Amino acid sequence: MRKRTEPVTLEHERCAAPDSSSSGSAASALDADCRLKQNLRLAGKGPAEPRCAADAGMKRALGRRKGLWFRLRKILLCVLGLYIAIPFLIKLCPGIQAKLIFLNFVRVPYFIDLKKPQDQGLNHTCNYYLQPEEDVTIGVWHTIPTVWWKNAQGKDQMWYEDALASSHPIILYLGAHSVHLPCGVLSSLGYHVVTFDYRGWGDSIGTPSERGMTYDALHVFDWIKARSGDNPVYIWGHSLGTGVATNLVRRLCERETPPDALILESPFTNIREEAKSHPFSVIYRYFPGFDWFFLDPITSSGIKFANDENVKHISCPLLILHAEDDPVVPFQLGKKLYNIAAPSRSFRDFKVQFIPFHSDLGYRHKYIYKSPELPRILRPGI
């Protein structure tokens with residue numbers, strides 16, 4: 001019995017053993033599978049987060065670039081629109097161009113009391129006012145020769161007016177944009193210097209125009225001649241003042257009372273050519289219809305300053321001074337004016353000179369008066 005039952009028991013144990021091993025292996029396989037999935041999930045979660053963060057950062061950077069480009073494009077469109085609109089605005093409102101020509105709204109230096117020229121180092125200068133027309137008042141500076149500066153201390157306007165009858169020559173200086181830089185230098189050379197602010201400039205009252213500026217200059221010239229006796233009177237124009245100077249001298253010659261000489265510093269031929277050559281016009285010089293948009297409004301405003309025409313009707317000695325490095329009025333315009341004046345019949349009995357100043361000297365547009373050669377140039381030329 002024992003022999004018979006033993007195989008049965010062993011066989012039963014053998015049968016049971018595979019069942020329990022099969023169930024354990026299945027459980028362990030399931031656990032391994034679960035762990036593998038969990039590990040895969042954990043492994044997949046790590047790299048995914050940086051990738052998502054990188055993608056988000058890239059999107060933000062692209063968004064910023066798009067925003068920057070949008071703003072830049074908007075600015076460029078605004079600038080382009082303004083660039084195109086300005087010519088039409090000037091064409092429709094010619095008064096804007098006149099303001100840009102005269103620049104009487106610009107006062108440099110701004111904080112200056114024109115009633116006190118001594119604050120500018122001119123302690124031998126008197127300030128007074130003349131009235132060329134009704135509702136027009138112009139401020140005048142009269143600087144006497146430097147040799148008299150001690151005698152001038154504390155003197156009133158009447159003393160300065162009487163001094164014009166002395167033996168010293170007189171320069172009526174017609175500057176540009178209310179600038180009286182050369183007064184001290186010219187007075188040190190022995191000249192009376194009379195200069196003034198055109199109507200609408202400085203503390204002068206009135207509205208600027210070519211006709212009005214010329215009439216102001218004529219009034220001051222007649223005022224000087226009424227007090228100067230036989231003393232020579234020279235007219236010196238600078239920049240825009242050369243246009244006033246040639247207008248004035250042409251008128252004086254036509255009435256047969258010419259000045260003793262005309263000096264033009266940094267002159268142009270006419271206002272159209274000067275406007276076309278001015279550095280402000282560079283950005284529009286090749287704009288389609290430049291003349292129609294920018295130059296015709298100047299003419300329609302009655303502004304010509306035709307030096308090239310005026311010199312054909314002037315009969316007195318003429319001296320032209322121009323710096324080669326002038327950035328405002330190109331040197332070639334002064335040379336061109338000389339070439340027009342020199343062969344003119346009106347100058348056949350008078351001396352016409354052109355004095356260039358080399359660019360290395362750095363006199364540019366308004367510093368020729370600093371030249372140490374000026375006394376030598378003026379003595380034989382005036």
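The following exchange explains the terms applied to this predicted model of a protein chain.

Me: What makes up the protein chain in terms of helices and strands, and how many residues does the chain have?
Reply: The protein chain holds 12 helices and 8 strands. Of its 382 residues, 41% are buried.

Me: Why is D216 called buried?
Reply: A residue is called buried when its relative accessible area is under 20%. D216 has a relative accessibility of 0%, so the residue counts as buried.

Me: What makes D216 and R199 a salt bridge?
Reply: The term requires a side-chain nitrogen of Lys or Arg within 4 Å of a carboxyl oxygen of Asp or Glu. For D216 and R199 the distance from N to O is 2.7 Å, so the pair satisfies the cut-off of 4 Å. D216 lies in helix α6 and R199 in the loop between β4 (192–196) and α6, so the salt bridge ties together parts that are 17 residues apart in sequence. R199 is buried, because its relative accessibility is 4%. D216 and R199 also belong to a network of salt bridges with E133 and R211.

Me: Which other pairs meet the rule for a salt bridge, and how many salt bridges are counted?
Reply: The count comes to 11 salt bridges. Among them are D296 with R272, at 3.1 Å from N to O, and E309 with K312, whose closest N and O atoms are 3.4 Å apart. Both distances are within 4 Å, so both pairs qualify.

Me: Why are E309 and K312 called partly exposed?
Reply: Buried means under 20% relative accessible area and exposed means over 50%, so partly exposed covers the values in between. E309 has 38% and K312 has 41%, so each residue falls between the two limits.

Me: How do you know that C253 and C316 do not form a disulfide?
Reply: A disulfide needs two cysteine sulfur atoms within 2.5 Å. The cysteine sulfur closest to that of C253 belongs to C316, and the distance is 5.1 Å, which is too far for a bond. By this rule the chain has 0 disulfides.

Me: Are C253 and C78 buried or exposed?
Reply: C253 has a relative accessible area of 13%, which is under 20%, so C253 is buried. C78 has 52%, which is over 50%, so C78 is exposed.

Me: What puts the buried residues of helix α2 on the same side?
Reply: In α2 (residues 94–102), the residues Q97, A98, I101 and F102 are buried. They cover an arc of only 130 degrees around the axis, and therefore lie on the same side of α2.

Me: Which residues are buried in helix α11, and what covers them?
Reply: In α11 (residues 331–341), L333, G334, L337 and A341 are buried. Their arc around the axis is only 100 degrees, so they share one side of α11. The elements that cover them include β6, α8 (271–277), α10 (307–310), β7 (318–323) and β8 (352–357).

Me: What allows L100 to belong to a nonpolar patch on the surface?
Reply: A residue in a patch must have over 30% relative accessible area. L100, in helix α2, has 46% relative accessibility and therefore passes this cut-off. L100 forms the patch with L89, I96, F105 and V106, and together they have about 430 Å² of accessible area.

Me: Why is the phi of D135 worth noting?
Reply: Most residues other than glycine have a negative phi. D135 is not a glycine, and its phi is positive, near 70 degrees. D135 sits in the loop between β1 (125–133) and β2 (136–143). With a relative accessible area of 61%, D135 is exposed, because the value is over 50%.

Me: Where does E256 lie, and what is its phi?
Reply: E256 lies in the loop between α7 (240–254) and β6 (261–265). Its phi is positive, about 65 degrees, although E256 is not a glycine. E256 is exposed because its relative accessible area, 69%, is over 50%.

Methods: Residues are numbered from 1 along each chain as its sequence is written. This is a predicted model: local features need pLDDT of at least 70, side-chain atom pairs count only at pLDDT 80 or more; totals for chains, interfaces and linings use all residues. Side-chain values use heavy atoms; hydrogens and water are left out. Helices (H or I, at least four residues) and strands (E, at least two) are DSSP runs, numbered from the N terminus. Buried means under 20% relative accessible area, exposed over 50%, partly exposed in between (1.4 Å probe, protein chains only). The arc is that of the directions from the helix axis to the C-beta atoms. Patches are made of residues with over 30% relative accessible area and no salt bridge: like charges are joined within 9 Å, nonpolar side chains (Val, Leu, Ile, Met, Phe, Trp, Tyr) within 5 Å. Accessible areas come from the Shrake-Rupley method with a 1.4 Å probe; for residues, only the protein chains shown count as cover. Contact means heavy atoms within 4.5 Å.
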